[in-house]
Amino acid sequence: MRAITNDTIHSHSHLIRTFHKKIGVIMRTRFTDLIKRLFFHDLMIFAAIFSFVGVTQSGKTDRSHVETARTTWPHLIPCRIHEGANPDVFVMTLGSVKTSLADGMFDPAKDEVILNNGKVIKNYYSDSLGIKFYQPIDKKYFPLPPSGWCSWYYYYQNVNEKEIEKNARWVAENLKPYGAKYIQIDDGWQGKGHGAGDNRDWTTIDKRFPGGMNGLASYIKGLGLQPGLWLAPQGQSNPRVIGENPHAFLLNNDTSVSRTWEGEYLVDPSSKAGLEYLHSLFTTLSGWGFNYFKIDGQPIVIDEYHSKSKYMMHPSENADSLYRATVESIRSAIGEKRYLLGCWGIPLDGTGIMNGSRTGGDVVLGWEGFKTSLDATMHYYFLNNIVWYCDPDVMLLRYPLTLDQARAWATLQGLTGEALMTSDRMMDLSSDRVKILKSVFPAQDIRPLDLFPSTTYKHIWDLKINHLGENYDVVGLFNYSESKSKVILLKWSDLGYSDSTRMHIFDFWNKEYMGAWKGGIAVTLPPTSCRVLTLMKDHGHIRLISTNRHITQGYVDLVSLKLDSEKNTFNGKSKVVADAPYKLYFAFPPGKNYVVKRATAEGLKVSTENHQGWSEVKFTSPRTTEVNWVVSFALSRFYHYPVASPYGLDVSANGLQGVMLKWDDQYQLNDGCEVYLDGKLAGYTPTNVFPLDNLNPRQSYNVEIKSVWEDGTESRGAAKAAFEVRNLLPDTIYLSTLEPVALPSGLESVMVNKSISGKEISIGGKRYEFGIGVRADADIVYEVGGLYRNLSATVGVDDNSFDKSGTVEFSILGDGVRLWRSEKITPESGTIPVSIDIKGVKRLILQVKEVDGKGGNLGADWADIRLVGLLRK
């Protein structure tokens, strides 16, 4: 395990400050473009509170999921404060989880980490992570994150009362039983209905809402849902309102000194009149019946208070505290029982007052929209359910997203427990997409194990769950590439288990049992897709491994469970949704087979499917209720096939420190293959490919591939090969084909074989097929292992850069030493060739810095950047 140092802790704070600054620049640029299309603000997301009464195995009432949040939070939680052995693993927890991956425990009440070695890190969030106003989240009235629907990402400002009502009815009929609670009305309800800063009149309702906002709120409540409202409250665009509230706004000789996206006028936070105006506004909105408020443009407000202090009634340099006074005024008006969400980037100055916050930019319909939510999750998930509920923006599932992409987006939401809002036209979703939607509602009480920002897009997401005394993992595997398949080796040791442990594996989205294997499993993912695998230890008896209700697979629906192992009988109770088929999946010990002998569910019709190694039990209730069920099994014949040896093994380089093993598809039957590296089991694969990573490129290795049957019986013979990674590498390799070990903190700060604009890399009119597009203040880190002699590239400002002015500087560092630095480069500088000696360099850092505070939004390119001259000795 890597040692924890002060440098490690300080780097977390630096990453957060850098990302916070960068996202502000990007959001301003993005919104300048979006305003032209009237797509200019973020989604409001509503809070949902879902509680339920369960029954334990002893038959006693169990409200632990909700009561833990309400009565014992804040409490100690396990934590990591740096990356583990595999930095590609992202870890979350649900329930009272204990794991060997933890570095120690975090005490949210004291804001301190108690490490396993006894060392105490005080003020961890406020000092080490730079969260200035840290307070633990108040879960008294909102024990779970918000779940519901938002109007913005389908209707934008072209919204109307009838469409809101249609979607609300659909949610009430189809999604409310699954935990949806909020219907959020976004921009377009107010003022003249369209526009940006000139459409910030919260006292006028657009004519497309003839029933009034109080009438629409009442209609939504009549459906058993809660209404919510978007606004940019510190702004105002109606001169009449300004005249009626003297001294409430920032003026100079009766002229506004702040004209921004937030509004033509801005509340004066130093004046009593300004705070009273906000209090009165939210008293009115609350009186209309709204119970959730999303306040947008907050970082704009903070920036304006910093720069316009001299125009305040009581000038102050403490703009952060003045801003917080405006949010406190809003909170005092709406009370503690209404949800308050901050928005636009991430308004960290609102922590301790807001219930939740957006943590990134606006999504779009497409894979880039998913990556926007991914970016927000990677950089700010450490705040979720500890400081507030993070909101990575809405989940979109509609066409033209593929079903694989829809599942990936749903998996991001379902495994993290962040705010969960959908924003499609609900009536138009296909049944397949609705099924995906229901599988992740509602958001759960999930929080991070990893209390630090991620520097890469991690591919392995491990949700560790403890429920009804059972520990299991729900693991999401992601391929973010839009063009290439990816093979991921999921190793048990990376999840905190012994590689000798035999783990049952169930594929949640495909509803298939994959066997019980030691070491790990190799999974092949097509582009822009994910797999969700449930992992549960084999204890030598039948296991209930999954249910179909929710991605947490039992946590939401399974109320009680008891196994009589002598009689092979399960007694359970589950919460089920009316008319929705409810399925239970059972896995058998390897080498044994059973069939369902008897299955009952309180008089309901029960159907069963028996497969070798596993069974499915299904029943449907006409009511949303709790159902007692009993399932008994009888021993059955196990079919065994004598597997043959694999053949045609090929070994190829996979990066600079790994290989990809591939062998011929076999004619004869088998259940996959097990792979041995230097005589030690590396893992299992159901296909004919297997990756080996983190190898010494100068060391010789031996591999063996053996076919295997379901009971673990292997072939007598094996396909064998000996290799050394260095001898498999090409003489020249593009850096864009390698995975960096660290990326800059920032929204869309790095693009592979594209510029930051998303277009082909182009400098001085010349186009490049390969390269890396970045934004200024970007450090990209590669492990190159001292394997190559030279680095060559062409650098410059991209022709399609968002900005056409500014200055940047390129640098290359090798093992901490600066090897090369460019002159100051502007968009007019053209192409700059680079060729440097990197012999012996193990860690390479590519840097782009803005110069004199100008150039932070320039697109900078490392075109044709490649390692040249493989050192074979």
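How many bridges join S8 to S9? In this predicted model, three bridges join the two strands, and S8 and S9 run parallel. One of the pairings places Gly148 with Tyr182, its bridge partner in S9. On the other side of the description stands S10, which is joined to S9 by four bridges, again with parallel strands. Here Ile183 is found opposite Pro227 of S10.

These strands belong to an open sheet of eight strands, whose order is S18-S17-S16-S15-S10-S9-S8-S19, with parallel pairing. The edges are taken by strand S18 (389-391) and strand S19 (420-422); each has a single partner strand, so one side of each is without a neighbour in the sheet. On average, and with direction ignored, neighbouring strands of the sheet are turned by 25 degrees against each other. Strand S8 (residues 147-150) is joined to S19 by three bridges, and the two run parallel. Within this pair, Trp149 has Thr422 of S19 as its bridge partner. Helix H5 (residues 161-175) packs on the sheet and touches both S8 and strand S9 (182-185). The direction of H5 makes about 165 degrees with that of S9.

In a regular strand, side chains alternate between the two faces of the sheet. In S9, Tyr182 and Gln184 point one way, whereas Ile183 and Ile185 point the other way. All of these S9 residues are buried.

Helix H6 (residues 212-222) also has buried residues, namely Gly212, Met213, Leu216, Ala217 and Ile220. The elements that cover them include H5, S9 and strand S10 (226-231). An α-helix has 3.6 residues a turn, so residues three or four places apart point the same way. Just after H6, Gly224 adopts a positive phi of about 85 degrees.

A further packing arrangement involves two helices. Two packed helices are described by the angle between their axes and the distance between the axes. For helix H12 (residues 403-416) and helix H13 (residues 431-438), the angle is about 15 degrees and the axes are 10 Å apart. Because of this angle, H12 is roughly parallel to H13. The crossing in which H12 passes H13 is right-handed. H12 contributes Leu403, Ala406, Arg407 and Ala410 to the contact, and H13 contributes Asp432, Arg433 and Ile436. By class, four of the residues in the contact of H12 with H13 are nonpolar, three are charged and none is polar.

Two individual residues were also examined. Gln298 lies in helix H9 (residues 298-307). Its relative accessibility is 0%, and Gln298 therefore counts as buried. Apart from neighbours within four places in sequence, Gln298 is in contact with Pro233, Gln234, Glu262, Tyr323, Val327, Cys343, Trp344, Pro347 and Met354.

Leu743 is located in the loop between strand S43 (732-734) and strand S44 (750-752). With neighbours within four places in sequence left aside, the contacts of Leu743 are Thr455, Thr456, Tyr457, Val750, Asp779 and Ile780. Leu743 is 654 residues from Val89 in sequence, and the C-alpha to C-alpha separation of Leu743 and Val89 in space is 15 Å.

Methods. Residues numbered from 1 in each chain as written. Predicted model: local features only at pLDDT ≥ 70, side-chain atom pairs only at ≥ 80, totals over all residues. Heavy atoms only, no water. Axes fitted to C-alpha atoms, helices over the stretch in contact; angles between N-to-C directions. Parallel < 35°, antiparallel > 145°, perpendicular 65-115°, else oblique. Left-handed = near helix turned anticlockwise from the far one by under 90°. Contact = heavy atoms within 4.5 Å. Nonpolar A, V, L, I, M, F, W, Y, C, P; charged D, E, K, R; others polar. Buried < 20%, exposed > 50% of the residue type's maximum accessible area, 1.4 Å probe, protein only. Pairing = 2+ DSSP bridges.
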